[in-house]
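Let's take a walk through this model together, one part at a time. Have the structure open beside you as you read.

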Amino acid sequence: MKTTSVMIVGVGGQGSLLASRLLGNLLTAEGYDVKVSEVHGMSQRGGSVVTYVKFGEKVYSPIIDLGEADFIVSFEKLEAARYASCLKDGGTVVVNTQQIDPMPVITGAAEYPADALDKLAAGGMHIDAIDALSLAEKAGSARAVNIVLMGRLAKYFGIPEEKWLAAIETTVAPKFVELNKAAFDLGYHA
Amino acid sequence: MKKLMIGNEALARGFYEGGIGVVSSYPGTPSTEITEFLSGYRDIYSEWAPNEKVAAEVAFGASLGGKRSVCCMKHVGLNVAADPLFTLSYTGVNAGMVLCVADDPAMHSSQNEQDSRHYAIAAKLPMLEPADSAEAHAFAKASFDLSEQFDTLVLMRICTRIAHSQSIVDMGERADVPDKEYVKTPSKYIMMPAYAKARHPIVEERMAKLAEYAENCPFNRIDAGTDKSLGIITAGTCYQYVKEVFGDKVPVLKLGMVHPLPEKMIRDFAASVDRLVVVEELDGVIESFVKNLGIPVEGKNLFSPIGEYSQAVVAKAFGLPEAAHATPDAVPGRPPMMCAGCPHRGLFYTLSKNKVTVIGDIGCYTLGAVAPLNAVDSVLCMGASVSGLHGFNKARGEASEGKSVAVIGDSTFMHSGVTGLIDIAYNGSNSTVIILDNSITGMTGHQQNPTTGMDIHGDPAGKIDLEALCHAVGIRRVAVVDPYDLAACDKVLKEELAAKEPSVIISRRPCVLLKSVKKNPPEKVNADKCRGCRACMQIGCPAISFKDKKAVIDATLCVGCGVCNQKCAFGAIEA
């Protein structure tokens, strides 16, 4: 069985670590060999953040290199463009249409590329774009963008929805379980 | 029970199961979580020490006192702990003792890329290096027995990719390890020349025995391969990249003990393959050893001593094709920056505005160096702001006195800043030191320190009074300022720079990310009043951007600190 590689990318503070832990717990419970790689520290301070999740019968490297990702889940548009070269031929980009300006854009040193997703799609990539921020707010908190996107990613996996919901229960703090289940559901059925 | 764990949690679990009694550490990415996870086991003693030297000495004392002990640090922390390290090699241990050191190839969160294996060689100590969380768990569990069997401190080296990668660990039970008796043994534990001379031969004998042990060490093994035209020697995370590329095709000598190395095992392996290559990140440590045996070997001729490897790096070095991939347009970078509402911002804005030379230090506030504040001139190592400023002022005299400051966080000041301040007071430079007291160790993810009044568990603890401490070492002028108040910052900075004696400014406000800190409602821009002058942009707040020539504030990021408000001459920013 081949290894499946999922990259979760976003801006520090958006909750990509929790998303990767949810995925890791789900896939471990499903009996796969799993590796999840995070980078902490400096990169969390509003910087670009990338997490790798790989699963299969036997996973060696925790890293996903150029052209290796089956899925890229991006919490922000610009970050999808930044890491798009990691996508495998025929892979899918699940992306939140939210725009968060990086400091070079804020200071006027650079421009935010408004057409980044269109260019990726024009290059032949499968882009699945959703307004995860609005869905998260509908679920009850803007901070649930991460779980909305996991709900969207779940559509591409052959794992029943109830298994995902069970993984949410084991991953998030009890008081946030209902919120996150609602967020997952909105992403899944978006 | 099986669980997905980062390497740091796996190490903690392994040490716990191996009978650890005491852990003392100083936080440092990527090592911090080992101690955080250990602190969750309330049946052992855990603490944050003020620095790595103290931590290593506390762990030594605990070993002497009969409990299995651990201290953890990042690679540069081992430089701080190097003094006890080298002589601990001579004393050996009573109960088992392990020092964990986390290297950071690619410098995800560090100031250099040093390879800690050199310490194992220089200090003559055994070093283990796991390749995933399961090995981290197994090695940690076994490390105390190894320490006691050979009467030696054991080094456990990991790198960022092991520390922060999750893989599956099969947890076991905690061993019931009785405490060792403490027996006064001057010849072993008092390292004055007469005794140390007698200990050095014991160190050499121990290393010879460990080299023999390495030949049969269960952590060194050969993965058989079908194609003997190539053989690879590797260790740690590089093993995973080699296996990802070659699978079971190529024979691999996988080293779990990276010092001392197994000479016979390497000779036999080399003889069994046509071409021998060492794959190791950073320096060619194993390669040099193999070369010194007179065995033809490749390594750094194919691989860089710089940065992290991956399967693509390994494939490329062996001339294998890389995966097909798109090359999208270059996009603007997203560097890390101070958070919205960060208390450091107002102070750094003031420094930038006053164009002072800033000798910086290690912490979140290193980010005062980036645009648009560009407020920092130098960052070397923990504590170097204070002593560096003293030297700078001694070199330049009046050309820099009154125009330069040191900036250092509360935790870094406790770590090694206070000794520099003592030098300023003792040797009398007219220097101004700014302590950025945000009441926590921020960069590494909120650890308590001696100034916070809480211990590693968040329980009440001794609290260092920074003002009293500065006074006690001989600084007469100590001012406290709220960094959210730009006018007050400007005033106090000018006053202390003008003073003809050493001074300390304590810029005090808790880290805005602390749960205990109450956030204000977000500020809003009144578009009718905004003239688009961009004055609010000078503070470099990630919550403020410009749309249609007017400032806009992102309500999801803004915590209502009011610093931008003070920059607006037109009253356009409203609470």
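How much area is buried between chain B and chain A? About 4,500 Å² is buried between them, and carbon and sulfur atoms give 60% of that area. Please keep in mind throughout that this is a predicted model.

Let's stay at the interface for a moment. On one side, 54 residues of chain A take part, and they are in contact with 51 residues of chain B. If you would like some places to look in chain B, try Gln166(B), Pro332(B) and Arg334(B), which lose the most area to chain A. Together these three residues make up 18% of what the chain B side buries.

Now turn to chain A by itself. Its secondary structure consists of eight helices and six strands. Following the chain from its start, you will meet them in the order β-α-β-β-β-α-β-α-α-β-α-α-α-α. Chain A is as compact as a globular protein of its length, because its radius of gyration of 16 Å is close to the 16 Å that the globule rule gives for 190 residues. Along the principal axes, the C-alpha atoms of chain A fill a box of roughly 45 × 35 × 35 Å.

What about the inside and outside of chain A? Of its 190 residues, 64% count as buried. Looking at contacts between residues at least 6 apart in sequence, 64% join residues at least 24 apart. Chain A exposes about 6,900 Å², with carbon and sulfur atoms supplying 51% of that area. As for charge, chain A has 17 positive and 22 negative charges, and the mean positions of the two sets are 4 Å apart.

Chain B can be read in the same way. You will find 20 helices and 22 strands in chain B. Its radius of gyration is 27 Å, which agrees with the value near 25 Å that a compact globule of 575 residues would have. The C-alpha trace of chain B spans about 80 × 65 × 50 Å along its principal axes.

Of the 575 residues of chain B, 57% count as buried. Among the contacts of chain B with a separation of 6 or more, residues 24 or more positions apart account for 75%. Chain B exposes about 22,400 Å², of which carbon and sulfur atoms supply 55%. Finally, chain B carries 58 positive and 65 negative side chains, and the centres of these two sets lie 5 Å apart.

Methods
Residues numbered from 1 in each chain as written. Chains lettered and ligands numbered in written order. Predicted model: local features only at pLDDT ≥ 70, side-chain atom pairs only at ≥ 80, totals over all residues. Heavy atoms only, no water. Helix = DSSP H or I, 4+ residues; strand = E, 2+ residues; numbered from the N terminus. Rg over C-alpha atoms; globule rule 2.2 N^0.38 Å. Buried < 20%, exposed > 50% of the residue type's maximum accessible area, 1.4 Å probe, protein only. Contact = heavy atoms within 4.5 Å. Areas by Shrake-Rupley, 256 points an atom, 1.4 Å probe, with all protein chains shown as cover. Lys, Arg positive; Asp, Glu negative; His and termini not counted. Charge placed at Lys NZ, Arg CZ, Asp CG, Glu CD. Buried area = accessible area lost by both parts, 1.4 Å probe.
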